[in-house]
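Here are a few exercises to work through with the model open beside you. Try each one before you read its solution.

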Amino acid sequence: KKIRQDVHIDKINNSNLSFETPSSKLFGGVPAKPGQFPYTVSLRDLNGTHQCGGAILNNKWIITASHCIDNETVDTVKVTYGTIYNTGAEPLHSISKLIQHEKWRNMFDFKVDIGLVKVKCQIIFNAYVKPIKIYTGLIKSGDEGVVSGWGLDGISFWQPKVLQYLNVRFISYAQCRKFEPNLSRTIVCTEKKFGYGTCLADSGSPLVKDDKLVGLVLYSLDLQCAHYFPDGYLFVQKFIKWIKNNIQGTQLID
């Protein structure tokens with residue numbers, strides 16, 4: 001189920017809406033500068049191919065989507081951080097543990113699609129590598145955020161060689177429910193303009209507001225990437241207790 005550059009988009013029908021998942025790439029994104037998103041990481045296979053995004057929580061733990069590490073082991077997943085590049089030649093760091101939410105069942109179980117990755121060696125922080133705090137405030141319709149990732153671009157439909165970012169605008173839970181009546185309270189949505197949004201290979205990538213982690217890329221509520229339906233993200237603040245219970249003797253940054 002890992003994302004490859006030649007993967008086909010899987011779709012299911014739910015409440016008369018077709019869901020595209022996993023979501024992976026930033027359509028309409030802008031190339032990031034070194035150090036601009038020091039918390040953003042790339043989950044890769046053993047060949048160094050980007051599979052999913054994630055974010056650094058502290059010097060041992062990375063947060064991502066559960067479906068990004070499904071059917072994987074500590075021997076099949078590597079992480080890259082401290083770089084904006086995606087050439088396949090970046091240093092690969094080993095991991096020692098993978099944790100998926102215990103209630104997560106499959107890649108369409110969006111409401112608990114959260115996972116944790118523990119690195120084998122401590123992450124050393126610098127100007128290009130930093131942890132991110134979790135946003136605990138209210139999200140209002142019209143608030144602005146930014147999402148960063150290495151998902152497929154809207155021009156070549158290949159993974160970009162440089163990290164991309166996109167400024168987005170949040171919509172309310174009520175607004176998002178107009179597109180998905182069964183929307184969980186653990187999902188937060190952003191509006192989408194034609195040609196701008198997430199798509200294949202952005203799964204697990206961080207959505208940030210005021211330099212704090214709000215969400216993880218999960219899916220797009222339409223038939224195609226970057227059309228008019230909202231993008232859905234896991235609302236990370238709903239899982240703070242779960243995260244703290246699983247990061248074993250380490251702490252989230254204050």
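**Exercise 1: a glutamine and its surroundings**

Gln51 has a relative accessible area of 3%, so this residue counts as buried. The model is a predicted one. Your task: work out which element holds Gln51 and what its side chain reaches.

*Solution.*
- Step 1. Find the element: Gln51 sits in strand E5, which covers residues 50–56.
- Step 2. Look at the side chain: Gln51 and Asp45 are joined through their side chains by a polar contact of 3.4 Å, and that fits the cut-off of 3.5 Å.
- Step 3. Check the backbone too: at 3.2 Å, the Gln51 side chain reaches the backbone oxygen of Thr49.
- Step 4. Now go far along the chain: Asp202 is 151 residues away from Gln51 in sequence, and their C-alpha atoms are separated by 8.3 Å.

**Exercise 2: the cysteine pairs**

How many disulfides does the structure hold, and which parts of the chain does each pair link?

*Solution.*
- Step 1. Count them: there are two disulfides.
- Step 2. Take Cys52 and Cys68, joined with an S to S distance of 2.2 Å. This pair links distant parts of the chain, 16 residues apart: Cys52 is in strand E5, while Cys68 is in the loop between strand E6 (61–64) and strand E7 (78–80).
- Step 3. Get the hand of that link: the angle about the S-S bond is -85°, and the link of Cys52 and Cys68 is left-handed. Cys52 and Cys68 are both buried.
- Step 4. Move on to Cys176 and Cys189, with S to S at 2.0 Å. Here too the pair links distant parts of the chain, with Cys176 in helix H1 (residues 173–177) and Cys189 in strand E13 (residues 187–190), 13 residues apart.
- Step 5. Hand again: the disulfide of Cys176 and Cys189 is left-handed because the torsion about its S-S bond is about -70°. Cys176 and Cys189 are buried as well.

**Exercise 3: one more cysteine**

Is Cys121 buried or exposed?

*Solution.* Exposed means over 50% relative accessible area. Cys121 has 56% relative accessibility, so Cys121 counts as exposed.

**Exercise 4: confidence**

What does the chain average in pLDDT, and where is the pLDDT below 50?

*Solution.*
- Step 1. Start with the whole chain: the average pLDDT is 84, and 80% of the residues score at least 70.
- Step 2. Then pick out the weak stretch: residues 1–25 have a pLDDT below 50, and in the model this stretch has 96 contacts beyond near neighbours in sequence.

Methods
Residues numbered from 1 in each chain as written. Heavy atoms only, no water. Helix = DSSP H or I, 4+ residues; strand = E, 2+ residues; numbered from the N terminus. Buried < 20%, exposed > 50% of the residue type's maximum accessible area, 1.4 Å probe, protein only. Polar contact = N/O pair within 3.5 Å; in protein donor to acceptor, adjacent residues only side chain to side chain. pLDDT = per-residue confidence, 0-100. Contact = heavy atoms within 4.5 Å. Disulfide = S-S within 2.5 Å.
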